[in-house]
Amino acid sequence: MDEDVISKIVKDLESGGAAPASVTDILGQVGDQIERVRKRLSRISHKMAVMSGKGGVGKSSVTINLALAFAKKGFKVGILDADISGPSIPKMLGVGGRTINITPEGAMPAVSHLGIKVASMDLMLAGADTPVAWKGTWQDSAVWRGALEMGVIRELLADVVWGDLDLLLIDMPPASSDKPPIIANLIPDLDGAIMVTIPTEVSQYIVRKSVTFAVKELKIPIVGLIENMKSFICPECGHKSGLFSPVVSLVEPEGSTKETSGELGRTMGIPVIGEIPFDSRMSRSADRGLPFIIEFPDASASLSFISIADKIIDQFLNKETRQ
Amino acid sequence: MKFICMKCNDFMDYEDQEKVADQRLGLVFSCKKCSSSFAMVTNSGETQLVHALGIQIGGRSGPAQPLELTRDSLKEDVKSVGPIWTEEAEKRILNVPSFARQMARKGIEDYAREKGSREINGKIMDEYREKVGM
Ligand SMILES: Nc1ncnc2c1ncn2[C@@H]1O[C@H](COP(=O)(O)OP(=O)(O)OP(=O)(O)O)[C@@H](O)[C@H]1O
Ligand SMILES: [Mg+2]
Ligand SMILES: [Zn+2]
(Lines give C-alpha, C1' and ligand atoms only; values in the text may rest on other atoms or scores of the structure.)
(Ligands and ions follow the chains in the order given, each with its own letter.)
Protein backbone atom coordinates (compact mmCIF):
# COMPACT_ATOMS: atom_id res chain seq x y z
CA MET A 1 0.00 0.00 0.00
CA ASP A 2 1.71 3.20 -1.00
CA GLU A 3 2.09 6.20 1.19
CA ASP A 4 0.00 8.53 -0.92
CA VAL A 5 -2.97 6.27 -0.54
CA ILE A 6 -2.47 6.00 3.20
CA SER A 7 -2.18 9.73 3.63
CA LYS A 8 -5.27 10.25 1.52
CA ILE A 9 -7.22 7.78 3.61
CA VAL A 10 -6.02 9.37 6.84
CA LYS A 11 -7.06 12.75 5.53
CA ASP A 12 -10.46 11.41 4.61
CA LEU A 13 -10.83 9.91 8.04
CA GLU A 14 -9.92 13.16 9.73
CA SER A 15 -12.25 15.24 7.65
CA GLY A 16 -14.98 12.69 8.08
CA GLY A 17 -15.51 13.03 4.35
CA ALA A 18 -15.16 9.95 2.22
CA ALA A 19 -14.99 7.56 5.13
CA PRO A 20 -18.04 5.32 5.23
CA ALA A 21 -19.86 5.45 8.52
CA SER A 22 -18.42 2.74 10.68
CA VAL A 23 -21.15 0.24 11.38
CA THR A 24 -20.56 0.32 15.09
CA ASP A 25 -20.54 4.12 14.86
CA ILE A 26 -18.93 4.68 18.22
CA LEU A 27 -18.95 8.46 17.92
CA GLY A 28 -22.59 8.41 16.93
CA GLN A 29 -23.52 6.24 19.89
CA VAL A 30 -21.53 8.39 22.30
CA GLY A 31 -23.13 11.47 20.77
CA ASP A 32 -26.56 9.97 21.40
CA GLN A 33 -25.63 9.26 25.00
CA ILE A 34 -24.55 12.85 25.53
CA GLU A 35 -27.66 14.14 23.84
CA ARG A 36 -29.92 12.05 26.05
CA VAL A 37 -28.26 13.44 29.18
CA ARG A 38 -28.48 16.97 27.84
CA LYS A 39 -32.13 16.66 26.97
CA ARG A 40 -33.17 15.24 30.33
CA LEU A 41 -31.13 17.76 32.29
CA SER A 42 -32.36 20.72 30.27
CA ARG A 43 -35.42 20.76 32.54
CA ILE A 44 -33.29 21.06 35.66
CA SER A 45 -32.31 24.64 36.39
CA HIS A 46 -29.32 23.97 38.64
CA LYS A 47 -27.01 21.07 39.30
CA MET A 48 -24.53 20.88 42.14
CA ALA A 49 -22.18 18.09 43.14
CA VAL A 50 -21.50 17.37 46.79
CA MET A 51 -17.91 16.20 47.19
CA SER A 52 -15.43 15.42 49.87
CA GLY A 53 -11.81 14.47 49.80
CA LYS A 54 -12.28 11.71 52.30
CA GLY A 55 -15.03 9.18 52.97
CA GLY A 56 -17.20 9.25 56.05
CA VAL A 57 -17.12 13.00 56.64
CA GLY A 58 -20.89 13.36 56.33
CA LYS A 59 -21.30 14.01 52.63
CA SER A 60 -24.53 12.02 52.33
CA SER A 61 -25.95 13.50 55.53
CA VAL A 62 -25.22 16.98 54.23
CA THR A 63 -26.74 16.12 50.84
CA ILE A 64 -30.10 14.93 52.20
CA ASN A 65 -30.52 17.59 54.86
CA LEU A 66 -29.48 20.37 52.53
CA ALA A 67 -31.83 19.03 49.86
CA LEU A 68 -34.66 19.11 52.39
CA ALA A 69 -33.70 22.64 53.45
CA PHE A 70 -34.12 23.74 49.81
CA ALA A 71 -37.39 21.81 49.57
CA LYS A 72 -38.67 23.56 52.69
CA LYS A 73 -38.13 26.82 50.84
CA GLY A 74 -40.32 25.64 48.02
CA PHE A 75 -37.66 24.41 45.64
CA LYS A 76 -38.24 21.29 43.59
CA VAL A 77 -35.26 19.14 44.42
CA GLY A 78 -33.80 15.86 43.21
CA ILE A 79 -30.91 13.80 44.54
CA LEU A 80 -28.74 11.59 42.39
CA ASP A 81 -26.84 9.07 44.48
CA ALA A 82 -23.65 8.72 42.45
CA ASP A 83 -22.12 6.38 44.98
CA ILE A 84 -22.66 3.31 42.83
CA SER A 85 -20.90 0.72 44.95
CA GLY A 86 -22.09 2.07 48.31
CA PRO A 87 -25.47 3.74 47.81
CA SER A 88 -26.93 5.14 51.03
CA ILE A 89 -29.31 7.96 50.13
CA PRO A 90 -32.59 5.99 49.73
CA LYS A 91 -32.31 4.36 53.13
CA MET A 92 -31.47 7.69 54.79
CA LEU A 93 -34.54 9.23 53.15
CA GLY A 94 -36.87 6.39 54.07
CA VAL A 95 -37.38 5.09 50.53
CA GLY A 96 -35.08 2.11 50.89
CA GLY A 97 -37.59 -0.58 50.01
CA ARG A 98 -38.78 1.25 46.95
CA THR A 99 -38.35 -0.06 43.41
CA ILE A 100 -37.42 1.89 40.34
CA ASN A 101 -40.17 1.38 37.80
CA ILE A 102 -39.55 1.50 34.11
CA THR A 103 -42.12 3.30 32.01
CA PRO A 104 -41.91 4.26 28.34
CA GLU A 105 -40.78 7.76 29.43
CA GLY A 106 -37.97 6.38 31.56
CA ALA A 107 -37.37 5.16 35.08
CA MET A 108 -39.53 6.66 37.80
CA PRO A 109 -37.50 8.06 40.71
CA ALA A 110 -38.51 7.36 44.30
CA VAL A 111 -40.28 10.27 45.96
CA SER A 112 -39.36 11.05 49.54
CA HIS A 113 -40.19 13.68 52.14
CA LEU A 114 -41.23 17.08 50.75
CA GLY A 115 -41.43 15.58 47.27
CA ILE A 116 -37.70 15.06 46.87
CA LYS A 117 -36.98 12.79 43.91
CA VAL A 118 -34.30 10.19 44.37
CA ALA A 119 -32.39 7.97 41.96
CA SER A 120 -29.86 5.51 43.25
CA MET A 121 -28.33 2.17 42.50
CA ASP A 122 -30.01 1.01 45.68
CA LEU A 123 -33.42 1.22 44.02
CA MET A 124 -32.33 -1.33 41.45
CA LEU A 125 -31.04 -4.03 43.74
CA ALA A 126 -33.09 -7.16 44.19
CA GLY A 127 -33.32 -6.92 47.96
CA ALA A 128 -32.55 -4.52 50.77
CA ASP A 129 -29.27 -6.21 51.62
CA THR A 130 -28.21 -7.25 48.14
CA PRO A 131 -24.71 -5.94 47.46
CA VAL A 132 -23.99 -4.32 44.13
CA ALA A 133 -22.65 -7.19 42.04
CA TRP A 134 -22.00 -7.17 38.33
CA LYS A 135 -22.15 -9.94 35.79
CA GLY A 136 -19.02 -11.21 34.21
CA THR A 137 -15.55 -12.03 35.27
CA TRP A 138 -14.20 -8.51 35.09
CA GLN A 139 -15.43 -7.30 38.45
CA ASP A 140 -11.91 -6.93 39.74
CA SER A 141 -10.69 -4.77 36.90
CA ALA A 142 -10.63 -1.18 38.10
CA VAL A 143 -10.74 0.13 34.55
CA TRP A 144 -13.75 -1.96 33.68
CA ARG A 145 -15.59 -1.13 36.91
CA GLY A 146 -14.81 2.54 36.51
CA ALA A 147 -16.17 2.55 32.96
CA LEU A 148 -19.30 0.71 34.01
CA GLU A 149 -19.96 2.97 37.01
CA MET A 150 -19.66 6.01 34.78
CA GLY A 151 -22.12 4.37 32.42
CA VAL A 152 -24.55 3.73 35.27
CA ILE A 153 -24.32 7.34 36.44
CA ARG A 154 -24.88 8.52 32.90
CA GLU A 155 -28.03 6.40 32.74
CA LEU A 156 -29.26 7.66 36.11
CA LEU A 157 -28.88 11.19 34.76
CA ALA A 158 -30.43 10.54 31.38
CA ASP A 159 -33.04 7.88 31.93
CA VAL A 160 -34.69 8.92 35.18
CA VAL A 161 -37.91 10.92 34.80
CA TRP A 162 -36.72 13.90 36.82
CA GLY A 163 -39.31 16.25 35.38
CA ASP A 164 -38.86 19.95 36.06
CA LEU A 165 -36.51 20.56 38.95
CA ASP A 166 -35.01 23.70 40.42
CA LEU A 167 -32.02 21.85 41.79
CA LEU A 168 -30.36 18.46 41.44
CA LEU A 169 -27.83 17.56 44.11
CA ILE A 170 -25.38 14.81 43.24
CA ASP A 171 -23.87 12.84 46.11
CA MET A 172 -20.46 11.89 44.79
CA PRO A 173 -18.57 8.78 45.81
CA PRO A 174 -15.66 9.44 48.19
CA ALA A 175 -12.71 10.91 46.37
CA SER A 176 -10.07 8.41 47.36
CA SER A 177 -9.46 8.20 43.64
CA ASP A 178 -9.97 11.08 41.30
CA LYS A 179 -13.21 9.51 40.12
CA PRO A 180 -15.65 12.13 41.43
CA PRO A 181 -14.18 15.08 39.57
CA ILE A 182 -14.25 13.00 36.41
CA ILE A 183 -17.86 12.06 37.02
CA ALA A 184 -18.54 15.75 37.40
CA ASN A 185 -17.50 16.09 33.78
CA LEU A 186 -20.45 13.96 32.74
CA ILE A 187 -22.86 16.60 33.93
CA PRO A 188 -23.49 19.42 31.51
CA ASP A 189 -23.71 22.91 33.00
CA LEU A 190 -22.75 21.85 36.48
CA ASP A 191 -23.14 24.96 38.64
CA GLY A 192 -20.40 23.84 40.93
CA ALA A 193 -19.24 21.64 43.75
CA ILE A 194 -20.09 21.86 47.42
CA MET A 195 -17.12 20.56 49.39
CA VAL A 196 -17.69 18.88 52.73
CA THR A 197 -14.90 18.58 55.24
CA ILE A 198 -14.35 17.90 58.91
CA PRO A 199 -11.92 19.93 60.94
CA THR A 200 -8.96 17.60 60.94
CA GLU A 201 -5.87 18.49 59.07
CA VAL A 202 -5.84 15.24 57.15
CA SER A 203 -9.30 15.77 55.87
CA GLN A 204 -8.45 19.33 54.90
CA TYR A 205 -5.33 18.28 53.12
CA ILE A 206 -7.27 15.80 51.06
CA VAL A 207 -10.04 18.28 50.40
CA ARG A 208 -7.46 20.73 49.20
CA LYS A 209 -6.10 18.20 46.75
CA SER A 210 -9.51 17.49 45.28
CA VAL A 211 -10.37 21.16 45.26
CA THR A 212 -7.24 21.91 43.32
CA PHE A 213 -8.04 19.16 40.88
CA ALA A 214 -11.64 20.27 40.43
CA VAL A 215 -10.81 23.92 40.04
CA LYS A 216 -7.65 23.73 38.01
CA GLU A 217 -8.05 20.66 35.85
CA LEU A 218 -11.76 20.42 35.34
CA LYS A 219 -12.74 24.04 35.81
CA ILE A 220 -15.60 23.21 38.14
CA PRO A 221 -16.52 26.23 40.25
CA ILE A 222 -16.56 25.66 43.99
CA VAL A 223 -19.81 26.74 45.62
CA GLY A 224 -18.26 26.66 49.04
CA LEU A 225 -16.92 24.63 51.87
CA ILE A 226 -19.12 23.13 54.59
CA GLU A 227 -17.39 22.22 57.79
CA ASN A 228 -19.18 19.28 59.31
CA MET A 229 -18.92 18.23 62.96
CA LYS A 230 -17.16 21.50 63.63
CA SER A 231 -18.39 21.79 67.16
CA PHE A 232 -20.25 19.82 69.76
CA ILE A 233 -23.32 21.17 71.44
CA CYS A 234 -23.99 19.59 74.80
CA PRO A 235 -27.60 18.35 74.72
CA GLU A 236 -27.85 18.96 78.47
CA CYS A 237 -26.60 22.50 78.89
CA GLY A 238 -26.30 23.80 75.32
CA HIS A 239 -22.62 24.56 75.78
CA LYS A 240 -20.74 24.64 72.48
CA SER A 241 -17.22 23.31 72.26
CA GLY A 242 -14.74 22.32 69.55
CA LEU A 243 -15.02 18.64 68.68
CA PHE A 244 -11.66 17.88 67.17
CA SER A 245 -9.16 19.44 69.47
CA PRO A 246 -5.50 19.03 68.59
CA VAL A 247 -5.19 16.20 66.10
CA VAL A 248 -2.08 14.45 65.02
CA SER A 249 -1.65 15.04 61.35
CA LEU A 250 -1.13 11.83 59.40
CA VAL A 251 -0.38 13.59 56.20
CA GLU A 252 1.84 16.61 56.23
CA PRO A 253 -0.03 19.35 54.40
CA GLU A 254 2.06 21.52 52.17
CA GLY A 255 3.00 24.73 53.88
CA SER A 256 1.34 25.34 57.19
CA THR A 257 0.46 22.40 59.39
CA LYS A 258 -1.98 24.34 61.47
CA GLU A 259 -4.83 25.30 59.21
CA THR A 260 -8.41 25.33 60.21
CA SER A 261 -10.71 24.80 57.28
CA GLY A 262 -11.73 28.43 57.59
CA GLU A 263 -8.17 29.32 56.77
CA LEU A 264 -8.10 26.64 54.12
CA GLY A 265 -11.12 28.25 52.55
CA ARG A 266 -9.58 31.67 52.69
CA THR A 267 -6.18 30.68 51.40
CA MET A 268 -7.68 29.05 48.35
CA GLY A 269 -10.27 31.73 47.82
CA ILE A 270 -13.06 29.32 48.70
CA PRO A 271 -15.82 30.69 50.89
CA VAL A 272 -16.82 28.70 53.93
CA ILE A 273 -20.60 28.67 53.62
CA GLY A 274 -21.40 27.11 56.91
CA GLU A 275 -20.60 24.77 59.70
CA ILE A 276 -22.67 21.93 61.07
CA PRO A 277 -22.30 21.00 64.71
CA PHE A 278 -22.01 17.39 65.77
CA ASP A 279 -25.34 16.02 66.94
CA SER A 280 -25.45 12.45 68.16
CA ARG A 281 -29.05 12.09 66.96
CA MET A 282 -27.93 12.41 63.34
CA SER A 283 -26.97 8.77 62.75
CA ARG A 284 -30.10 7.47 64.47
CA SER A 285 -32.19 9.62 62.13
CA ALA A 286 -30.36 8.18 59.15
CA ASP A 287 -30.87 4.60 60.29
CA ARG A 288 -34.58 5.15 60.72
CA GLY A 289 -35.01 6.87 57.39
CA LEU A 290 -36.41 9.97 59.04
CA PRO A 291 -34.06 12.79 58.08
CA PHE A 292 -32.64 14.89 60.90
CA ILE A 293 -33.98 18.19 59.61
CA ILE A 294 -37.51 16.75 59.49
CA GLU A 295 -37.36 15.16 62.91
CA PHE A 296 -35.57 18.03 64.69
CA PRO A 297 -36.35 21.17 62.67
CA ASP A 298 -35.25 23.49 65.47
CA ALA A 299 -31.95 21.82 66.29
CA SER A 300 -28.85 23.91 65.78
CA ALA A 301 -27.63 21.61 62.96
CA SER A 302 -30.98 22.00 61.16
CA LEU A 303 -30.77 25.77 61.39
CA SER A 304 -27.28 25.55 59.92
CA PHE A 305 -28.59 23.61 56.93
CA ILE A 306 -31.28 26.24 56.40
CA SER A 307 -28.77 29.06 56.59
CA ILE A 308 -26.45 27.31 54.11
CA ALA A 309 -29.37 26.83 51.73
CA ASP A 310 -30.15 30.55 52.07
CA LYS A 311 -26.59 31.47 51.18
CA ILE A 312 -26.54 29.21 48.16
CA ILE A 313 -29.89 30.53 46.99
CA ASP A 314 -28.64 34.07 47.36
CA GLN A 315 -25.41 33.56 45.52
CA PHE A 316 -26.09 30.82 43.01
CA LEU A 317 -29.72 30.06 42.40
CA ASN A 318 -31.63 32.37 40.26
CA LYS A 319 -34.75 33.30 42.14
CA GLU A 320 -36.78 33.44 38.92
CA THR A 321 -36.40 29.71 38.58
CA ARG A 322 -38.52 29.17 41.67
CA GLN A 323 -42.05 28.09 41.01
CA MET B 1 -11.27 2.18 13.83
CA LYS B 2 -11.27 1.38 10.14
CA PHE B 3 -9.92 -1.51 8.16
CA ILE B 4 -8.58 -1.09 4.69
CA CYS B 5 -8.33 -3.71 1.98
CA MET B 6 -4.70 -3.60 0.94
CA LYS B 7 -5.44 -4.97 -2.47
CA CYS B 8 -8.06 -2.42 -3.37
CA ASN B 9 -6.94 0.51 -1.17
CA ASP B 10 -10.45 0.97 0.07
CA PHE B 11 -12.36 0.77 3.32
CA MET B 12 -13.68 -2.58 4.34
CA ASP B 13 -17.25 -2.90 5.54
CA TYR B 14 -18.34 -4.36 8.79
CA GLU B 15 -20.48 -7.28 7.93
CA ASP B 16 -21.56 -9.32 10.86
CA GLN B 17 -20.77 -10.42 14.34
CA GLU B 18 -21.10 -13.72 15.98
CA LYS B 19 -20.53 -15.05 19.41
CA VAL B 20 -17.49 -17.29 19.10
CA ALA B 21 -17.46 -18.34 22.72
CA ASP B 22 -18.65 -16.95 26.00
CA GLN B 23 -17.96 -13.21 25.93
CA ARG B 24 -15.90 -13.47 22.78
CA LEU B 25 -17.13 -11.83 19.63
CA GLY B 26 -16.04 -12.49 16.10
CA LEU B 27 -16.44 -9.39 13.96
CA VAL B 28 -16.45 -9.97 10.23
CA PHE B 29 -15.25 -7.32 7.80
CA SER B 30 -15.24 -7.57 4.04
CA CYS B 31 -14.18 -5.59 1.03
CA LYS B 32 -17.01 -4.71 -1.28
CA LYS B 33 -14.69 -4.54 -4.29
CA CYS B 34 -12.86 -7.86 -4.13
CA SER B 35 -15.16 -9.48 -1.61
CA SER B 36 -12.32 -10.79 0.48
CA SER B 37 -13.12 -10.86 4.15
CA PHE B 38 -11.55 -11.43 7.52
CA ALA B 39 -12.74 -11.84 11.07
CA MET B 40 -11.44 -10.21 14.21
CA VAL B 41 -12.02 -11.94 17.51
CA THR B 42 -12.25 -9.90 20.69
CA ASN B 43 -11.32 -11.31 24.04
CA SER B 44 -13.83 -11.17 26.86
CA GLY B 45 -12.16 -8.10 28.40
CA GLU B 46 -12.48 -6.11 25.21
CA THR B 47 -16.06 -7.22 24.72
CA GLN B 48 -16.96 -6.24 28.25
CA LEU B 49 -15.14 -2.93 28.24
CA VAL B 50 -16.98 -1.84 25.11
CA HIS B 51 -20.23 -3.01 26.69
CA ALA B 52 -19.43 -1.08 29.87
CA LEU B 53 -19.19 2.08 27.81
CA GLY B 54 -22.73 1.49 26.64
CA ILE B 55 -21.57 0.92 23.07
CA GLN B 56 -23.21 -1.83 21.06
CA ILE B 57 -20.83 -3.49 18.68
CA GLY B 58 -22.17 -3.46 15.17
CA GLY B 59 -24.37 -0.47 15.95
CA ARG B 60 -27.71 -0.13 17.65
CA SER B 61 -30.72 -1.93 16.34
CA GLY B 62 -33.14 0.41 18.12
CA PRO B 63 -33.19 3.34 20.52
CA ALA B 64 -31.64 2.80 23.94
CA GLN B 65 -34.03 1.51 26.59
CA PRO B 66 -34.14 3.22 30.01
CA LEU B 67 -31.27 2.06 32.22
CA GLU B 68 -30.46 -0.74 29.80
CA LEU B 69 -26.76 -0.84 30.56
CA THR B 70 -27.35 -0.98 34.31
CA ARG B 71 -30.04 -3.61 34.04
CA ASP B 72 -28.01 -5.75 31.64
CA SER B 73 -24.95 -5.56 33.81
CA LEU B 74 -26.36 -6.38 37.23
CA LYS B 75 -25.89 -9.93 38.37
CA GLU B 76 -29.25 -10.15 40.09
CA ASP B 77 -32.46 -9.17 38.41
CA VAL B 78 -33.52 -5.60 38.69
CA LYS B 79 -36.78 -5.00 40.51
CA SER B 80 -38.22 -3.17 37.58
CA VAL B 81 -41.50 -4.96 37.12
CA GLY B 82 -43.28 -3.59 40.18
CA PRO B 83 -46.35 -1.39 39.87
CA ILE B 84 -45.94 2.37 39.64
CA TRP B 85 -46.56 4.50 42.73
CA THR B 86 -48.35 7.79 42.29
CA GLU B 87 -46.92 10.79 44.13
CA GLU B 88 -49.85 10.74 46.51
CA ALA B 89 -49.19 7.10 47.36
CA GLU B 90 -45.49 7.83 47.83
CA LYS B 91 -46.36 10.55 50.31
CA ARG B 92 -48.80 8.40 52.21
CA ILE B 93 -46.44 5.46 52.62
CA LEU B 94 -43.96 7.78 54.35
CA ASN B 95 -46.50 8.05 57.18
CA VAL B 96 -46.07 4.38 57.96
CA PRO B 97 -43.41 4.04 60.66
CA SER B 98 -40.10 3.24 59.07
CA PHE B 99 -39.69 -0.19 60.68
CA ALA B 100 -42.94 -1.35 59.08
CA ARG B 101 -42.67 0.56 55.82
CA GLN B 102 -40.87 -2.03 53.74
CA MET B 103 -43.43 -4.68 54.68
CA ALA B 104 -46.28 -2.33 53.97
CA ARG B 105 -44.85 -1.49 50.54
CA LYS B 106 -44.57 -5.12 49.68
CA GLY B 107 -48.06 -5.88 50.98
CA ILE B 108 -49.55 -3.09 48.91
CA GLU B 109 -47.62 -4.08 45.80
CA ASP B 110 -48.72 -7.69 46.17
CA TYR B 111 -52.30 -6.55 46.64
CA ALA B 112 -52.13 -4.35 43.53
CA ARG B 113 -50.73 -7.24 41.52
CA GLU B 114 -53.52 -9.46 42.75
CA LYS B 115 -56.04 -6.85 41.62
CA GLY B 116 -54.25 -6.57 38.29
CA SER B 117 -53.48 -2.91 38.91
CA ARG B 118 -50.30 -1.43 37.42
CA GLU B 119 -50.62 1.63 39.61
CA ILE B 120 -50.50 2.16 43.36
CA ASN B 121 -52.74 5.09 44.12
CA GLY B 122 -54.78 6.35 47.06
CA LYS B 123 -57.64 4.06 46.17
CA ILE B 124 -55.56 0.90 46.16
CA MET B 125 -54.03 1.96 49.47
CA ASP B 126 -57.46 2.50 51.01
CA GLU B 127 -58.59 -0.90 49.83
CA TYR B 128 -55.49 -2.54 51.17
CA ARG B 129 -55.86 -0.81 54.50
CA GLU B 130 -59.43 -1.99 54.74
CA LYS B 131 -58.38 -5.52 53.89
CA VAL B 132 -55.60 -5.85 56.45
CA GLY B 133 -57.37 -3.65 58.98
CA MET B 134 -54.54 -1.14 59.38
N1 LIG C 1 -23.05 16.62 62.05
C2 LIG C 1 -23.08 15.34 62.41
N3 LIG C 1 -23.31 14.97 63.69
C4 LIG C 1 -23.33 13.68 64.06
N5 LIG C 1 -23.16 12.65 63.23
C6 LIG C 1 -22.93 12.94 61.93
C7 LIG C 1 -22.89 14.27 61.45
N8 LIG C 1 -22.67 14.24 60.11
C9 LIG C 1 -22.58 12.93 59.78
N10 LIG C 1 -22.73 12.15 60.86
C11 LIG C 1 -22.67 10.67 60.91
O12 LIG C 1 -21.43 10.26 60.40
C13 LIG C 1 -21.55 9.07 59.64
C14 LIG C 1 -21.05 9.26 58.24
O15 LIG C 1 -21.90 10.18 57.58
P16 LIG C 1 -22.29 10.03 56.05
O17 LIG C 1 -22.70 8.66 55.72
O18 LIG C 1 -23.22 11.15 55.74
O19 LIG C 1 -20.85 10.33 55.43
P20 LIG C 1 -20.34 10.19 53.93
O21 LIG C 1 -19.28 11.20 53.77
O22 LIG C 1 -21.46 10.21 52.97
O23 LIG C 1 -19.73 8.72 54.00
P24 LIG C 1 -19.33 7.77 52.78
O25 LIG C 1 -17.97 8.21 52.39
O26 LIG C 1 -19.34 6.41 53.40
O27 LIG C 1 -20.34 7.95 51.70
C28 LIG C 1 -23.03 8.70 59.71
O29 LIG C 1 -23.23 7.77 60.74
C30 LIG C 1 -23.70 10.02 60.03
O31 LIG C 1 -24.92 9.83 60.70
MG1 LIG D 1 -22.14 8.73 51.57
ZN1 LIG E 1 -10.48 -5.54 -1.80
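## Accessibility and the predicted model

A residue counts as buried under 20% relative accessible area, as exposed over 50%, and as partly exposed in between. By this criterion B:Cys34, with a relative accessible area of 22%, is partly exposed. The structure described here is a predicted model.

## The zinc site of chain B

B:Cys34 belongs to the set of protein donors that bind the zinc ion (ligand 3), together with B:Cys5, B:Cys8 and B:Cys31. Each of these residues contributes its SG atom, and the donors lie 2.2 to 2.4 Å from the ion. Along the sequence the donor residues follow the spacing C-x2-C-x22-C-x2-C.

The arrangement of the four donor atoms around the zinc ion (ligand 3) is tetrahedral, because the angles they subtend run from 107 to 111°. Four donors count as tetrahedral if all angles lie between 85 and 135 degrees. For four tetrahedral donors the ideal angle at a metal is 109.5 degrees.

Two of the donor residues fall into separate accessibility classes. B:Cys31 has a relative accessible area of 2% and is therefore buried, whereas B:Cys34, at 22%, is partly exposed.

## Positive phi angles in chain B

B:Asn9 is not a glycine, yet its phi is positive, at about 55°. This residue sits in the loop that joins β1 (4–5) to β2 (10–11) of chain B. Its relative accessibility is 27%, so B:Asn9 counts as partly exposed.

B:Ser35 likewise has a positive phi of about 55° without being a glycine. The loop that holds B:Ser35 runs between β4 (24–30) and β5 (37–41) of chain B. With a relative accessible area of 59%, B:Ser35 is exposed.

## Architecture of chain B

Chain B contains five helices and seven strands. Read from the N terminus, its elements follow the order β-β-β-β-β-α-α-β-α-α-β-α. Of the 134 residues in chain B, 41% are buried.

## The surroundings of ligand 1

Ligand 1 has 17 residues around it, and those that come nearest are A:Gly56, A:Lys59, A:Ser60, A:Ser61 and A:Asn228. By residue class, the shell around ligand 1 consists of seven nonpolar, seven polar and three charged residues.

Polar backbone atoms of chain A lie opposite several atoms of the ligand. An oxygen atom of ligand 1 is 3.1 Å from such an atom of A:Val57, and a nitrogen atom of ligand 1 is 2.9 Å from a polar backbone atom of A:Asp279. At A:Ser283, a polar backbone atom is 3.4 Å from an oxygen atom of ligand 1. The ligand exposes 630 Å² when taken alone, and the protein buries 77% of that area. The elements of chain A that supply two or more residues to the shell around ligand 1 are α3 (59–72), β9 (222–233), β11 (272–278) and α9 (281–288).

## A strand residue of chain A

A:Ser45 is located in strand β1 (residues 44–52) of chain A. Its relative accessible area is 34%, which means that A:Ser45 is partly exposed. Between A:Ser45 and A:Gly96 there are 27 Å in space, taken from C-alpha to C-alpha, and the two residues are 51 residues apart in sequence.

Methods: Residues are numbered from 1 along each chain as its sequence is written. Chains are lettered from A and ligands numbered from 1 in the order in which they are written. This is a predicted model: local features need pLDDT of at least 70, side-chain atom pairs count only at pLDDT 80 or more; totals for chains, interfaces and linings use all residues. Side-chain values use heavy atoms; hydrogens and water are left out. A residue is near a molecule or strand if one of its heavy atoms lies within 4 Å of it. A polar contact is a pair of N or O atoms within 3.5 Å; within protein, one must be able to donate a hydrogen and the other to accept it, and residues adjacent in sequence count only if both atoms are side-chain atoms. Accessible areas come from the Shrake-Rupley method with a 1.4 Å probe; for residues, only the protein chains shown count as cover. Helices (H or I, at least four residues) and strands (E, at least two) are DSSP runs, numbered from the N terminus. Ala, Val, Leu, Ile, Met, Phe, Trp, Tyr, Cys and Pro count as nonpolar, Asp, Glu, Lys and Arg as charged, and the others, Gly among them, as polar. Donors are N, O and S atoms within 2.8 Å of the metal (3.2 Å for Na, K and Ca); water is not among the atoms, so sites may look incomplete. Four donors count as tetrahedral if all angles lie between 85 and 135 degrees; four count as square planar and six as octahedral if opposite donors are over 155 degrees apart and all others between 65 and 115; anything else is irregular. Buried means under 20% relative accessible area, exposed over 50%, partly exposed in between (1.4 Å probe, protein chains only).
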